[in-house]
Amino acid sequence: MRCKDPIIVVKDLYVNFYTYAGVVKAINGVSFEICRGETYCLVGETGCGKSVTSRALTRLIKSPGRIEKGEIYFYPEPGKKIDIMKLSDEEIRKIRGYDIAYIFQDPSASLDPLYTIGYHVAETMAFHGVVQSIKEGIKKAAQVLRLAKMPDPESRVRAFPHELSGGMKQRAVIGMSLANRPKLLIADEPTTALDVTIQAQIMNFLKELKEKENLTLLLITHNMGLVAEMCDTVAVMYAGEIVEEAPVEELFKNPLHPYTRGLMRAVPKHVGKNVTLESIPGTVPNLIFPPPGCRFHPRCPYRFDPCDKKRPPLIEIEKNHKVACWLYAKEGGKR
Ligand code: SF4
């Protein structure tokens, strides 16, 4: 095990979506663990399964999606193990928004236009019994919004979502997620819908908050710059699988998987007239008919004999640095 004190452990997770076009094999045997107090990043292209993985942690997969199999264990405190897959719907609802909270990409989608910001915060607290009534929650909402660095929190409590800017809405959502002092905060592309200056403010704030509140953060992003700045450990996902996992410095110094290397090369480094931006040739596969063997093989310049037949296992190459690629296999690898 990588962590001495894990907060979440996922083993061999499979999630499918049953659509009219066919069964989308969205998550294909994902295993990882997050250590208490760290920032763990899931990184990869849109549609690679980052958000589905994070939602599966609290069984937040809606129809036509289904968790096919897998084990998910949550440790709210050292030594106390909760089997997420065995909880009833009511029990999992008590964990969601309390011990494990989410910040989603689009803050507008998390806010009901008919209710004030204060009501939203109060409702989250009242549902989990942190306050006895909505009225009591509304009284405490300004305090929560202050923690999320909302400007003029007292008057924002009475504001409706449409009266706030994008950045303020995201602060309101962060306030809601922090209202119950969660142990694990899952931030799913929390700044994608915001402009660049607000993005930086929100990310700096999350960094500060993590230190102050002793939070564990699961950050989902496709931005390698954010990964470098925020993360302790990174898992690179491709087509529903983790293809590489490493401490952040190690990953940037020594990326092993051909897809990770492609992602690194695709980060723009210079600007100018004659600079061509690098990209990974090909497109992400259709997960109704995923490629056999290594799901990256149709795009991989290094593919060789076993790649289109056998799925490469995620193996540890160096301490805490794992990769799923036949190039690094003990026997027959071409590293
Ligand atoms: Fe490329 Fe083969 Fe490695 Fe897949 S297993 S990334 S196809 S070399």
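I started with strand 1 (residues 6–19) and strand 4 (residues 65–77), which pair in the antiparallel sense over 8 bridges. Strands here are DSSP runs of E with at least two residues, helices are runs of H or I with at least four, and both are numbered from the N terminus. Two strands pair if DSSP finds at least two bridges between them. I looked up one position: valine 10 stands opposite isoleucine 72 in strand 4.

This is a predicted model, in which local features need pLDDT of at least 70, side-chain atom pairs count only at pLDDT 80 or more, and totals for chains, interfaces and linings use all residues. Residues are numbered from 1 along each chain as its sequence is written, and side-chain values use heavy atoms, with hydrogens and water left out.

**The four-stranded sheet**

Next I turned to the other partner of strand 1. Strand 1 and strand 2 run antiparallel, joined by 11 bridges. They form a hairpin with 2 residues between them. I found isoleucine 8 bridged to isoleucine 34 in strand 2.

I then read off the whole sheet. It is open, has 4 strands in the order 2-1-4-5, and its pairing is antiparallel. Strand 2 (22–35) and strand 5 (80–83) are the edge strands, each pairing on one side only. Neighbouring strands are turned by 15° against each other on average, direction ignored. Axes for such angles are lines fitted to C-alpha atoms, for helices over the stretch in contact, and angles run from 0 to 180 degrees between N-to-C directions.

Is strand 2 enclosed or not enclosed by the rest of the structure? I found it largely enclosed, because 10 of its 14 residues are buried. Buried means under 20% relative accessible area, exposed over 50%, and partly exposed in between, with a 1.4 Å probe and protein chains only.

**The eight-stranded sheet**

I noted a second open sheet, with 8 strands in the order 6-7-8-3-9-10-12-11 and mixed pairing. Strand 6 (100–103) and strand 11 (315–318) stand at its edges with a single partner strand each, so one side of each has no neighbour in the sheet. The twist averages 20° from one strand to the next.

Inside this sheet I checked strand 3 (residues 39–43) and strand 8 (residues 216–221), which run parallel and are joined by 5 bridges. Leucine 42 stands opposite isoleucine 220 in strand 8.

**Backbone entries**

I looked for a cis peptide bond and found one from serine 63 to proline 64, with omega near 15°. Proline 64 lies in the loop between helix 1 (50–56) and strand 4.

I also noted lysine 149, which is not a glycine but has a positive phi near 55°. It lies in the loop between helix 4 (134–147) and helix 5 (153–156). Its relative accessibility is 41%, so lysine 149 counts as partly exposed.

Glutamate 189 has a positive phi too, about 45°. Its place is the loop between strand 7 (184–188) and helix 7 (196–213). Is glutamate 189 buried or exposed? It counts as buried, because its relative accessibility is 8%.

**The ligand**

Which residues come nearest to the ligand? Of the 13 around it, I listed Cys294, Cys300, Cys307, Cys325 and Trp326 as nearest. A residue is near a molecule if one of its heavy atoms lies within 4 Å of it.
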